[in-house]
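Thank you for making time this morning. I would like to walk through the internal spaces and then the charged contacts, so please have the structure open as I go.

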Amino acid sequence: YQYDVPVETGDGIPTDDINTKEINADLIMEMASLMHCGEFDHQLNSVLISINGDLVLEKYFPGFVSVGNRTIVDYDKDSLHTLASVKKSIQSALVGVALEQDLLTFENTRLYDYFSDYTDVDWFEPYVIDGEEYKKADITLRDLLTMSAGFEWDELSVHYGHADNSLTHMNDAEDGFEHLFQLPLVTPPGRDFVYSTGVADVIAEIIKRSTGQEPRDFASAEFFQPLGIDDFYWDKGLSIRPRDMLKFGQLYLNQGKWGETQILSPEWVAQSLEKAFDFGGGQRMTGYGYQWWHNGFTIDGVEYDASAALGYGGQQILIFEEFDMVVVFTAAEYPAVHNNTRTPYMWLSNYIVPAIVNSSAQ
């Protein structure tokens, strides 16, 4: 493996030699060499590292298109890659853009305010939970963003597509939103975190109803264009280039600013990345914000935290504010080929985070 400084392409991402940064470059080169061996069965598709705003490592590998498409693509910097649930974090950003344009409000904004046309839903029927009464009309936009709407939901106990998966039920329904809204409340809105792609789909519909545009069109004009993202595919899923994933992470690291343009307010960025739910330390997932995860990494007994946009199969954007670093992975870590020793989390835990921590501690 021979290290090359990433190429300047004029896309707004400056590049630099990793050896000029405060990071253990030898450990990163060891990692890159192992990746370069090609022994990972098309599971890793790209890795990018930015430090102090400069792209210092950029590697691409052949890999699968998606979980349902095992065609092998020889990925490079111009290849679109499926994002899976990283799209949720981008939709959260679109809520922030719509707020800045006064197209929707946040405080006390309720689910009912946007879906009162669903007249068969028991919006105002009281559900008694722990001795207190709650109504579906009480569910707020914040509850949706923090995955705490309170609906009965389980999409993680069984695989996607399984007859017992809540998302399968919603996708198979004649009207998915009607199906979701008719589910009973089982926890008070805002109290308990329950991961729900159904709730994320509701957020996309709120963006549509508040802006008058499909989310992809609103994103293209009001979010992607200022970031210089001019190539993407957005149908039910979203595919963009890894370099554009890096821009998204850098935007949040820069408190919503890209170049001279303030795309998101610093307040929205801070709220989005703050832990609305703290799962505790010493584990991989330590918290959740507004469609943003928190990842924990324990190095030499000290825990370090990253804000993370995470997608099924190993699609990841990680923001390490403490080290002014953004890391991007695209991958094909799907169940049929999954191996915990080869996940992006392994590369982060064993190489990238130790490299920046140990160098910074010197």
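Let me begin with a definition, since the charged contacts depend on it: a salt bridge here is a side-chain nitrogen of Lys or Arg within 4 Å of a carboxyl oxygen of Asp or Glu. Please keep in mind that this is a predicted model.

With that cut-off, Arg110 and Asp113 form a salt bridge through their side chains, at 3.3 Å from N to O. Arg110 is partly exposed, at 28% relative accessibility, and Asp113 is likewise partly exposed, with a relative accessible area of 41%. Across the whole structure, the search finds 16 salt bridges.

A second pair to look at is Asp130 with Arg191, whose side chains meet at 2.6 Å, N to O. Asp130 sits in the loop between strand S6 (127–129) and strand S7 (132–134), while Arg191 sits in the loop between helix H6 (176–182) and helix H7 (197–211), so this salt bridge ties together parts that are 61 residues apart in sequence. Asp130 is exposed, with a relative accessible area of 60%, whereas Arg191 is partly exposed, at 40%.

Lys208 and Glu214 make another salt bridge, their closest N and O atoms being 3.1 Å apart. There is also a network, in which salt bridges that share partners join Asp230, Arg241, Asp244 and Lys247.

Now to the internal spaces: how many cavities of 30 Å³ or more does the structure hold? The count is two. The largest cavity encloses about 80 Å³, and its lining includes Met147, Phe151, Trp153, Leu180 and Asp192. By class, that lining has seven nonpolar, four polar and one charged residues.

The second largest cavity holds about 40 Å³ of space, and among the residues lining it are Lys88, Tyr195, Tyr288, Trp292 and Trp293. Helix H2 (86–100) and strand S15 (302–311) are the elements that give two or more residues to this lining, with S15 supplying the largest share, three residues. Its classes are seven nonpolar, three polar and one charged.

Finally, the second largest pocket has a volume of about 230 Å³. Of its 13 lining residues, Asp4, Val5, Pro6, Glu58 and Lys59 lie nearest its centre, and strand S2 (residues 54–60) gives the most to the lining, with four residues. By class, the lining of this pocket has seven nonpolar, one polar and five charged residues.

Notes. Residues are numbered from 1 along each chain as its sequence is written. This is a predicted model: local features need pLDDT of at least 70, side-chain atom pairs count only at pLDDT 80 or more; totals for chains, interfaces and linings use all residues. Side-chain values use heavy atoms; hydrogens and water are left out. On a 1 Å grid over the protein atoms alone, a cavity is a set of points where a 1.4 Å probe fits but cannot get out, and a pocket is an open set with protein on both sides within 12 Å along at least five of seven lines; lining residues have an atom within 4 Å of a point. Grid points are joined across faces, edges and corners, and a volume is the space filled by probe spheres set on the points. Ala, Val, Leu, Ile, Met, Phe, Trp, Tyr, Cys and Pro count as nonpolar, Asp, Glu, Lys and Arg as charged, and the others, Gly among them, as polar. Buried means under 20% relative accessible area, exposed over 50%, partly exposed in between (1.4 Å probe, protein chains only).
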